[in-house]
Amino acid sequence: MLPFLWRDWPDQFYRMFFSLFLHAGIIHLALTIWVQMWLMLDLEMLIGWKRMAILYIGSGIGGNFASAIFVPYNPEVGPSGSHLGIMAALVIDLYHHRRILVRPQRELVKHMCTVLVLFLTGLLPWVDNWAHLFGFIFGLLITIVTFPYLDFESHEKPRQGCRSSLSRRNIAIVMALITCLFLYVVLGYIYFHSIEVNCPWCQYFNCINIKVFTGSHHFCDNTGQKLSQWLPI
């Protein structure tokens, strides 16, 4: 890593990008490849590699920003935020194609159970739920903006022509784009100005110590939530 140009100000934005392609070992890399083959392959053939790259990188960077803000002292690698962004895209894609599926409710339950399992794993040390949460949020927004076949047409009412459908689609795209850019700006401002987020309950979203199962009071100590827990000071 290159040295910081400014000692008291984070100036290495590229870490938000390159950390998506770093892994903590062979097992971590193998899990990433498996998830990408399972989730990304068909979706990439459907939307193209450019839109997939925007979704993958955009969700990952958004998740990394949140991770750096809420878990500031925990070094992390891997594309967990990107994977949750892809899951969000699959949920929207499933909803869009619900009328051509035999059992759309069953498929939706399967997708949401997968999302729930990923969030539950985020309650373990060294797995970042903040990257999961914001990766999922950015995935939803980026999907609305980039997926070309989403029409936002109400099928419960008679069609009012293509103009009405295009109007709803344009409104949804504009609102999603504004929200996405707003979140990037807010997270970036908090991160680059080193604003400390004082949120006592946030640590329970990222790690929960159930002593009955862990047998220790220190299960969640070194999760990077507080500097006093991370360094011997």
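These legends go with a set of close-up views of a predicted model.

**Figure 1. The whole protein is built from helices, with zero strands.**
Start with the overall picture before zooming in. The protein has 10 helices, and reading along the sequence gives the pattern α-α-α-α-α-α-α-α-α-α. Of its 233 residues, 38% are buried. The exposed surface comes to about 14,600 Å², and carbon and sulfur atoms supply 69% of that area. Now take the contacts between residues at least 6 apart in sequence: 71% of them join residues at least 24 apart.

**Figure 2. Lysine 110 and glutamate 107 form a salt bridge.**
How many salt bridges does a search of the whole structure find? Just one, and here it is. The side chains of lysine 110 and glutamate 107 meet with 3.7 Å from N to O. That fits the definition, because a salt bridge needs a side-chain nitrogen of Lys or Arg within 4 Å of a carboxyl oxygen of Asp or Glu. Both residues sit in helix α5, which runs over residues 104–121. They are three residues apart, and that is about one turn of the helix. Are these two buried or partly exposed? Lysine 110 has 46% relative accessibility, so it counts as partly exposed. Glutamate 107 is partly exposed too, at 27%.

**Figure 3. Helix α5 has its buried residues on one face.**
Stay with α5 and look at its overall length. This helix has 18 residues and reaches 26 Å from its first C-alpha to its last, close to the 26 Å expected at 1.5 Å a residue. Which residues of α5 are buried? They are Pro104, His111, Val115 and Phe119. Seen down the helix axis, the buried residues of α5 fall within an arc of 85°, so they line one face. The cover over them includes α4, α6 (129–146) and α8 (202–206).

**Figure 4. Helix α4 is mostly covered.**
Here is one of the helices that help cover the buried residues of α5. Helix α4 takes in residues 80–96, 17 residues in total. From first C-alpha to last, α4 reaches 25 Å, close to the 24 Å expected at 1.5 Å a residue. How many of its 17 residues are buried? The count is 14.

**Figure 5. Histidine 132 is a buried residue of helix α6.**
Histidine 132 has its place in helix α6. With a relative accessible area of 5%, histidine 132 counts as buried, because the cut-off for buried is under 20%. A polar atom of its side chain lies 3.2 Å from the backbone oxygen of leucine 118. Leaving aside neighbours within four places in sequence, histidine 132 is in contact with Ser80, Leu84, Leu118, Phe119, Thr121, Gly122 and Val127. Phe119 has come up before, as one of the buried residues of α5.

**Figure 6. Glycine 62 is buried in helix α3.**
Glycine 62 belongs to helix α3, which covers residues 49–70. What is its relative accessibility? It is 0%, so glycine 62 counts as buried. Not counting residues up to four places away in sequence, glycine 62 touches Phe134, Phe138, Tyr184 and Leu187. Look for leucine 183 as well: glycine 62 and leucine 183 are 121 residues apart along the chain, yet 8.3 Å separates their C-alpha atoms.

**Figure 7. Serine 19 is buried in a loop.**
Where does serine 19 sit? Its place is in the loop between α1 (14–18) and α2 (26–47). Serine 19 has a relative accessible area of 10% and is buried. Apart from neighbours within four places in sequence, its contacts are Asn64, Glu76, Val77 and Gly78.

**Figure 8. Arginine 169 is a buried residue in helix α7.**
The last view goes to helix α7, residues 162–192, where arginine 169 lies. Is arginine 169 buried or exposed? Arginine 169 is buried, with a relative accessible area of 15%. Aspartate 151 is also worth finding in this view: arginine 169 and aspartate 151 are 18 residues apart in sequence, and their C-alpha atoms are 5.8 Å apart in space.

Note on methods:
Residues are numbered from 1 along each chain as its sequence is written. This is a predicted model: local features need pLDDT of at least 70, side-chain atom pairs count only at pLDDT 80 or more; totals for chains, interfaces and linings use all residues. Side-chain values use heavy atoms; hydrogens and water are left out. Helices (H or I, at least four residues) and strands (E, at least two) are DSSP runs, numbered from the N terminus. Buried means under 20% relative accessible area, exposed over 50%, partly exposed in between (1.4 Å probe, protein chains only). The expected span of a helix is 1.5 Å times one less than its number of residues. The arc is that of the directions from the helix axis to the C-beta atoms. Contact means heavy atoms within 4.5 Å. A polar contact is a pair of N or O atoms within 3.5 Å; within protein, one must be able to donate a hydrogen and the other to accept it, and residues adjacent in sequence count only if both atoms are side-chain atoms. Accessible areas come from the Shrake-Rupley method with a 1.4 Å probe; for residues, only the protein chains shown count as cover.
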